[in-house]
Amino acid sequence: MKTLNTLIAIGAICILAFTSCMEKEGNSVQKKRIECSAQTSYNVLAVSPSSISFDISANTPWEISCDSPWCTFTPANSAESSLSETILVQFEDNETSMQREALMTIAGIGVETPVTIKFIQEVKGELSVTPISEAFPKEGGTQTFTVLSNKDWTVSSSASWLTLSPLSGSASSEPVTVTATASFAGIQQQSAKITITTVDVVQSFDVTIDGFSLFIEEVENTSVPFMGGTYNLAVTADVEYDVLVTPENDGVTSQKEENGIVVSIGQNKRFKSREVSVSLIPVDQQYAELATTLTFNQEHMLQKDTYENVVIDE
């Protein structure tokens, strides 16, 4: 009798253990899951948006859908050979005048709550700049330009002699005035670039600050016949200067006039052509870098049908 009771107890334990195992196995089979590494939402640029990738791991077949055609993805569903995939999401440019949203849904067979991901695409940037159109005087000064943007913006200068204020602004329906302040930049004329940047638009323009001037106005023809000639050269200068001609004392002279110089070039009595240089040299050496030279090329005698007054260099 005792043996029979023992056998009955052992049987009951086995039945309970088997039932428990079956329940655990049933629960394990019934629980379907999808795990996704994506964020719940993403902000997307309006122009040239970057693609987004994330991973899906599941124990049940799944499929992706999206409510907006400007948001595309691959692959769209799990493969027969694998329930884990890397998803690549790509976006078209937002050509509209409004922010827009797309909702992606990842649904799995047997999964009660699908995974959802929101993509928020910004409105396309609109940036209008009224630039500075005049050069700064050489001693410096201030000028202004305006920025009108539907997105936050920043401005920058490429040169240390040009500062800007303010350096940034917020999206606005009214233009914002930016003050550009130039300080003395040196003897020569200088240029700088002002750049205005939003998250998806960049514009720039150039500004200049005048320098000191010393130059000979453009000469149409610098070829001189062997017989020579006289040339009136217009000069632009705001510094004092001396005139140096070479070769000196060889039929070449110069005379300063009110608005320039007069250069007289005598006959070239040699069998080879020669160069005649006219140089403007600043009197004050702090402006030495402004020195400039114009060169004439004079024919020689053998380029003409006459041999009068021939002088042979020894």
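This report describes two buried residues, Asn94 and Val252, and one open sheet in a predicted model.

## Asn94 and its surroundings

Asn94 lies in the loop that runs between β6 (85-91) and β7 (100-108). Because its relative accessibility is 0%, Asn94 is classed as buried, the cut-off being under 20% relative accessible area.

The side chain of Asn94 comes within reach of the backbone oxygen of Met98, at 3.0 Å. When neighbours within four places in sequence are set aside, Asn94 is in contact with Ala46, Gln99, Arg100, Gln121, Glu122, Val123 and Lys124.

## Val252 in strand β21

Val252 belongs to strand β21, which covers residues 252-257. With a relative accessible area of 4%, Val252 is also buried.

Apart from neighbours within four places in sequence, the residues in contact with Val252 are Val245, Pro247, Ser264, Ile265, Arg274 and Val276. Val278 is 26 residues from Val252 in sequence, and the C-alpha atoms of Val252 and Val278 are 9.7 Å apart in space.

## The four-stranded open sheet

Four strands make up an open sheet with mixed pairing, in the order β18-β24-β23-β20. Its edges are formed by β18 (223-224) and β20 (241-246), each of which pairs on one side only.

At the β18 edge, the partner is strand β24 (residues 292-298), and β18 and β24 pair in the parallel sense over two bridges. Ser223 is positioned opposite Asn297 in β24.

Terms used: Residues numbered from 1 in each chain as written. Predicted model: local features only at pLDDT ≥ 70, side-chain atom pairs only at ≥ 80, totals over all residues. Heavy atoms only, no water. Buried < 20%, exposed > 50% of the residue type's maximum accessible area, 1.4 Å probe, protein only. Polar contact = N/O pair within 3.5 Å; in protein donor to acceptor, adjacent residues only side chain to side chain. Contact = heavy atoms within 4.5 Å. Pairing = 2+ DSSP bridges.
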